[in-house]
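These are my notebook entries on a few local features that I looked up. I kept each entry short and in whole sentences.

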Amino acid sequence: AAVPELPYFPVIDASIAEPVDALVATYTQQEVKAAKVRWLRRAKDNLGVARSYVKRRADQQLEWERTRADLRAPTSGRRPAVQVDIQDAIWTQKWRRCDADTSAAVVEVLREVPRPPEVQVNFQISAPQLQAALRAMRHKSHGPDHSTAEALLLLPAAWWDRLAALWQRVLELGCRQIGAIVGAVAMMRDVAGFFDSLDPAHVVLVLQHLRAPEPLVNLIRSTCRHSSRLFALQGALGSDWRSPGRGLPQGCPLSPTVAAAVSHVWAALVLHAVTQTPSEVDGYAYVDDRCIMLCPNSPLEALRGALSRSDRFDAAFGLNVSLQKCAVVGPSHDLEVQAFARERGFSSVFACYVAFACEPGIPVQAIKHEVYHLFHAHAQHGAARVLFFEVVGWCLEPQYAMDASTLRAMWRIVIRPPAWLDEVPLSQAFPCPGKLLPLLNSTLQRLGWWISGDGKTLHRTDDQGRVRTIGVGLESFRCVLRWLTYHYRNLYVSTTARVWHPVQREQPAFAIGASNWHFNAGGDFGPEHARRRCCCGDLAPSRPHLAWACESFAECRVGIESPADRAAERLLARPVSQHPPAPVAIDLRDFQEELQACVALHIASPIIFLATDGSSREDVGSFAVTVQDALNVFAAGDDAEDQTPFRMELQAIVYALRAAASACTDPQLQHLRRCRRLFLAVDCQSAIAAIEGTGGFDYLLLLLEIRHHRRRLLQYGVRAEFIWTPAHGRCATWMPTRGHDPAYLRALNAAADKAANDSMTRRWANSARRAWRQQLALAEKWEWDAVHMVANIADRHHAYLKTLGTRPRE
């Protein structure tokens with residue numbers, strides 16, 4: 001039947017309307033939801049689709065506002081006809097050419113900028129080139145004449161030939177085409193109104209100095225000289241066309257090129273960017289956004305000199321700096337930097353950064369101290385650094401952040417090799433990541449890790465002497481970050497003096513509560529004052545004494561096991577071994593062969609149904625596949641570091657499609673194959689979205705294998721499709737597309753779910769990871785109880801001290 005969901009109606013009358021209407025409503029809702037999901041996926045994967053949608057909605061909003069303008073009475077008193085004249089006057093004044101001619105100053109600036117060698121350039125414009133350029137702009141907004149790129153591309157070839165000849169003549173004569181150029185004023189950072197402040201005469205001098213082709217210079221000169229602008233606001237027009245004396249026409253494709261040329265001159269003058277002599281400053285210029293950085297070990301006077309040259313450049317070109325958007329970034333404790341910022345009228349800020357590469361001279365230790373200063377409110381003075389970063393996050397440890405960036409770059413190169421590798425000889429087309437990333441080898445050596453020759457696996461030796469492995473692109477990068485956290489945690493614990501070299505310290509701790517020194521600080525109590533003694537009479541009691549030894553607080557320690565080591569005694573931290581490896585996988589080959597054999601038994605069917613599922617508990621996972629019948633179910637697990645539920649879902653799909661592709665493409669079975677459709681019932685919408693998308697980072701190689709098997713099946717005439725199937729009886733009214741039986745699909749999925757869960761439970765029951773979780777839970781409970789105990793002791797000790805005397809404001 002075309003609609004198998006409809007029940008049998010022995011009598012055709014009005015009673016069938018209700019179930020039919022309900023089914024139609026269900027189908028309609030599913031189609032709307034599916035269309036929305038497809039559109040969201042396209043918008044997520046294709047920036048052009050998202051951009052077109054935003055622009056289309058903006059155009060619709062503007063059109064609605066125009067049609068409703070005559071029906072809406074102004075409520076703010078700002079009438080468009082009045083406002084357009086006000087803005088007309090404001091911008092006409094801004095675009096007026098400066099009274100003083102600073103061309104001579106521009107020439108002086110250009111004398112200090114090296115000229116490039118002269119190059120002969122001949123412009124040859126053809127119709128195919130213009131059409132290719134327009135195709136690249138199909139997702140852009142239309143111009144003021146509302147002609148879209150799609151519409152223009154439909155014009156005949158003869159029109160394009162005439163247009164190419166016209167533009168060729170324009171370049172030869174140095175004139176511009178008749179047309180309108182519209183745009184908005186750019187007010188970004190640092191330079192106020194950059195595009196609108198440039199003088200065309202100065203721009204021409206710059207282009208000529210940089211040896212721009214003469215036709216291009218003539219075209220820009222003509223465009224700026226003959227352009228006119230008319231203000232419009234909600235249907236109201238300005239009083240007249242204006243011919244600006246300054247400013248580049250925004251919206252013109254040449255304006256960004258001209259702006260880049262002016263920025264190049266600024267960089268050459270201010271940063272000495274094109275000279276061979278070493279400079280004490282570095283930086284960049286991007287349109288109106290500038291950055292000047294002081295090189296390591298350079299005096300602040302070098303920054304003053306650079307800013308002086310920048311001021312000279314701005315005066316020559318008639319540019320004004322927006323002070324409220326300028327800032328000096330430097331160490332918070334550097335008084336000279338703060339005075340310099342006040343002198344220039346800039347704000348002074350502190351920035352925390354990490355780099356993909358550590359250049360010589362980067363003050364990692366100084367950056368670390370800045371992090372301590374910035375987050376001092378989160379930790380007491382004298383807090384152990386390992387506890388500090390456990391609280392604020394290891395990503396703020398500068399060396400950790402740089403190591404993570406290097407490893408992330410390695411990961412990205414392996415899963416997405418650079419495009420230029422396609423151009424090199426085959427002998428060099430598969431380089432080790434260490435050859436592409438200079439810092440990778442030193443980073444791995446410092447961490448004690450290593451990678452395989454092809455870069456596909458990352459290895460280390462854990463604290464029990466076991467070799468651990470991560471498959472790059474086959475597992476989540478979060479596993480790498482977990483390894484990195486273990487390394488830095490151990491590194492900081494090993495350098496914590498109070499653990500390995502205990503001394504009598506009178507400073508408060510991060511997690512140990514308050515000491516006797518802490519409660520007496522600022523009280524000006526003499527050495528013999530009663531507040532210098534503990535409740536038990538000891539002089540200047542230490543933190544461990546108050547927490548673990550003083551008999552006066554023995555009742556607070558009832559039920560809490562005494563610390564067994566210095567870390568527990570002084571940091572309230574119980575040692576726990578590193579996360580153990582996953583259970584060993586011993587049946588994956590048999591699992592794959594049995595699954596493929598089962599699929600091969602059904603290739604004579606026109607349609608094959610598979611169901612997949614994954615299960616995970618406490619980082620121990622399994623996956624399962626059901627083939628055509630709920631009785632044909634197969635489950636297994638692997639020994640990868642990553643045992644998360646999402647990866648188990650992907651693994652199940654990988655093995656299912658791998659088996660289907662092998663069976664359907666087996667030459668010995670081709671005479672039996674009748675299968676043309678393959679449906680996979682999957683209860684994980686995130687997995688389906690990831691597979692049908694185009695992105696991926698953590699599991700990209702898994703996703704690529706799934707996409708490869710689908711293409712391979714399609715080449716043999718078998719289309720593999722996913723059907724989202726709610727698990728555990730959820731979505732009672734759910735109906736699958738294409739008229740499939742929902743009960744049948746739910747049964748297949750339920751069988752896969754049960755098999756994956758049963759396999760996971762068997763692997764988890766006696767696993768090291770389960771035992772580790774139990775050990776971790778006990779350690780966390782002890783630490784939590786110990787922190788509460790110390791807080792209680794601190795309150796009692798403080799209350800006792802206040803009976804002997806008080807500090808100011810106590």
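The entries below concern a predicted model and take up a serine, a small set of strands and a proline in turn.

**Entry 1: Ser 405**

I first located Ser 405, which lies in helix α16, spanning residues 398–415. Is Ser 405 buried or exposed? I found a relative accessible area of 6%. Because the cut-off for buried is under 20%, Ser 405 counts as buried. I then looked up what its side chain reaches: the partner is the backbone oxygen of Ala 401, at 2.9 Å.

**Entry 2: the sheet β7-β8-β9**

I next turned to the strands. Three of them form an open sheet, ordered β7-β8-β9, with antiparallel pairing. Which strands stand at the edges? They are β7 (450–451) and β9 (467–471). Each has a single partner strand, so one side of each is left without a neighbour in the sheet. In general, strands of a sheet pair through backbone hydrogen bonds.

I then examined how β7 is joined to β8, the strand of residues 457–461. I noted 2 bridges between these antiparallel strands. Across this pairing, Trp 450 stands opposite His 459 in β8.

**Entry 3: Pro 645**

I finally looked up Pro 645 and found it in helix α25, which covers residues 645–664. Its relative accessible area is 45%. Because partly exposed lies between the limits of 20% and 50%, Pro 645 is classed as partly exposed. I also checked Pro 645 against Gly 614: the two are 31 residues apart in sequence, and their C-alpha atoms are 6.0 Å apart in space.

Definitions and conventions. Residues numbered from 1 in each chain as written. Predicted model: local features only at pLDDT ≥ 70, side-chain atom pairs only at ≥ 80, totals over all residues. Heavy atoms only, no water. Helix = DSSP H or I, 4+ residues; strand = E, 2+ residues; numbered from the N terminus. Buried < 20%, exposed > 50% of the residue type's maximum accessible area, 1.4 Å probe, protein only. Polar contact = N/O pair within 3.5 Å; in protein donor to acceptor, adjacent residues only side chain to side chain. Pairing = 2+ DSSP bridges.
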